[in-house]
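Subject: Structure for you, with some notes

Hi,

Here is the structure I promised to pass on. Have a look at it first, and then read my notes underneath.

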Amino acid sequence: QVRLVESGGGSVQAGGSLRLSCVVNGYIRSGGCMSWFRQAPGEEREGVAVISRDNSRTYYAASVEGRFTISLDNAKNTVYLQMDNLKPEDTATYYCAADPWRTYCATAIQGLGPRGTWGRGIQVTVSS
């Protein structure tokens, strides 16, 4: 059974940077996409960034485009989210997600597929 373990969260002032990591433990089918989502208190979970498992394509939410970068190291079974120029509105719990059965990663930012897997989440707090 696959398990996703996030790390790298914490507190930072506005304008600062954090890098989140997500290690994939256990067997995961090749192909599909890896994603980061976030959920602020009282809000719905939203897609932040997606990367195809072959490292060929990335997709971002408009709210983070140009500030966040998703990357994947398949040799380490790890996906990263580099977050720069953080804003207070980026405060949320961030979730890693594996969607190995998805055919089109462009749609992965809309939500996790029925056979996808969530990480447990990690808190990011940005103060003004």
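Let me start with the cysteines. Cys22 and Cys96 form a disulfide, with the sulfurs 2.1 Å apart. Keep in mind that this is a predicted model, and that the numbers here are computed from it. The bridge spans a fair bit of sequence: Cys22 sits in strand 3 (residues 18–25) and Cys96 in strand 9, so the two are 74 residues apart and the bond links distant parts of the chain. As for handedness, the S-S torsion of Cys22 and Cys96 comes out at about -80°, which makes this disulfide left-handed.

Are these two cysteines buried or exposed? Cys22 has 0% relative accessibility, so it counts as buried. Cys96 is buried as well, again with a relative accessible area of 0%.

Searching the whole structure turns up 2 disulfides. The other bridge joins Cys33 to Cys105, with an S to S distance of 2.0 Å. Cys33 belongs to strand 4 (residues 33–39), while Cys105 is in the loop between strand 9 and strand 10, so this pair ties together parts that lie 72 residues apart in sequence. The torsion about the S-S bond of Cys33 and Cys105 is about -100°, so this disulfide is left-handed too. Both Cys33 and Cys105 are buried. If you number the bonded cysteines of the chain in sequence order, the pairing reads 1-3, 2-4.

Now for an arginine you may want to click on. Where is Arg102? You'll find Arg102 in the loop between strand 9 (92–99) and strand 10 (117–118), and that loop also holds Cys105. Arg102 has a relative accessibility of 19%, and the cut-off for buried is under 20%, so Arg102 counts as buried.

What does the side chain of Arg102 reach? One partner is the side chain of Thr107, in a polar contact at 2.8 Å. The Arg102 side chain also gets to the backbone oxygen of Gly111, again at 2.8 Å.

If you skip the neighbours within four places in sequence, the residues in contact with Arg102 are Gly32, Cys33, Thr107, Ala108, Gly111, Leu112 and Gly113. Cys33 on that list is the cysteine bonded to Cys105, so that contact brings us back to the bridge between strand 4 and the loop.

Happy to talk it over once you've had a look.

Cheers

Terms used
Residues are numbered from 1 along each chain as its sequence is written. This is a predicted model: local features need pLDDT of at least 70, side-chain atom pairs count only at pLDDT 80 or more; totals for chains, interfaces and linings use all residues. Side-chain values use heavy atoms; hydrogens and water are left out. Helices (H or I, at least four residues) and strands (E, at least two) are DSSP runs, numbered from the N terminus. Buried means under 20% relative accessible area, exposed over 50%, partly exposed in between (1.4 Å probe, protein chains only). A polar contact is a pair of N or O atoms within 3.5 Å; within protein, one must be able to donate a hydrogen and the other to accept it, and residues adjacent in sequence count only if both atoms are side-chain atoms. Contact means heavy atoms within 4.5 Å. A disulfide is a pair of cysteine sulfur atoms within 2.5 Å.
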